Amino acid sequence: MAKETEKVVITTVHHRDVSAFFEALGLSEKLARAEVRCAVCARPITLENFKAVTNKSGKLLFCCNQEACMEGLSSCLMGDKA
Ligand SMILES: [Zn+2]
């Protein structure tokens, strides 16, 4: 499969869909145990503070609802250091 040029796709998930979303990913248990972390500030993601998810090099990055984190997520996707 040809590797696509990495696209910056940040998906925001509506609050009422969040638990279904995590269930679909098989991550609802991790979410319940606070093992899903914001990729920017490393706070545990909860149903309340979850804001967005993106995919970077096949890895899912989650983002909480702090504005600084949403910005941080975008710049983390643009600049490719890691
Ligand atoms: Zn955060």
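This is a short look at the overall fold of the protein chain and at two loop residues with positive phi.

We're working with a predicted model here. The protein chain has three helices and three strands, and going along the sequence they come in the pattern β-α-α-β-β-α. How much of the chain is buried? Of its 82 residues, 21% count as buried. As for how the contacts are spread, take those between residues at least 6 apart in sequence: 42% of them join residues at least 24 apart.

Now for the backbone. Alanine 42 has a phi near 70°, which is a positive value in a residue other than glycine. Where does alanine 42 sit? Its place is in the loop between helix H2 (28-32) and strand E2 (50-56). Serine 57 is also worth a look, with phi near 50°, again positive in a residue other than glycine. You'll find serine 57 in the loop between E2 and strand E3 (59-64).

Here are the two side by side:

| Residue | Phi | Loop | Other C-beta atoms within 10 Å |
|---|---|---|---|
| Alanine 42 | near 70° | between H2 and E2 | 10 C-beta atoms |
| Serine 57 | near 50° | between E2 and E3 | 9 C-beta atoms |

Are these residues buried or exposed? The cut-off for exposed is 12 or fewer other C-beta atoms within 10 Å. Alanine 42 has 10 of them, so alanine 42 is exposed. Serine 57 has 9 such neighbours and therefore counts as exposed too.

Terms used: Residues numbered from 1 in each chain as written. Predicted model: local features only at pLDDT ≥ 70, side-chain atom pairs only at ≥ 80, totals over all residues. Helix = DSSP H or I, 4+ residues; strand = E, 2+ residues; numbered from the N terminus. Buried ≥ 20, exposed ≤ 12 C-beta atoms within 10 Å, placed from the backbone. Contact = placed C-beta atoms within 7 Å.
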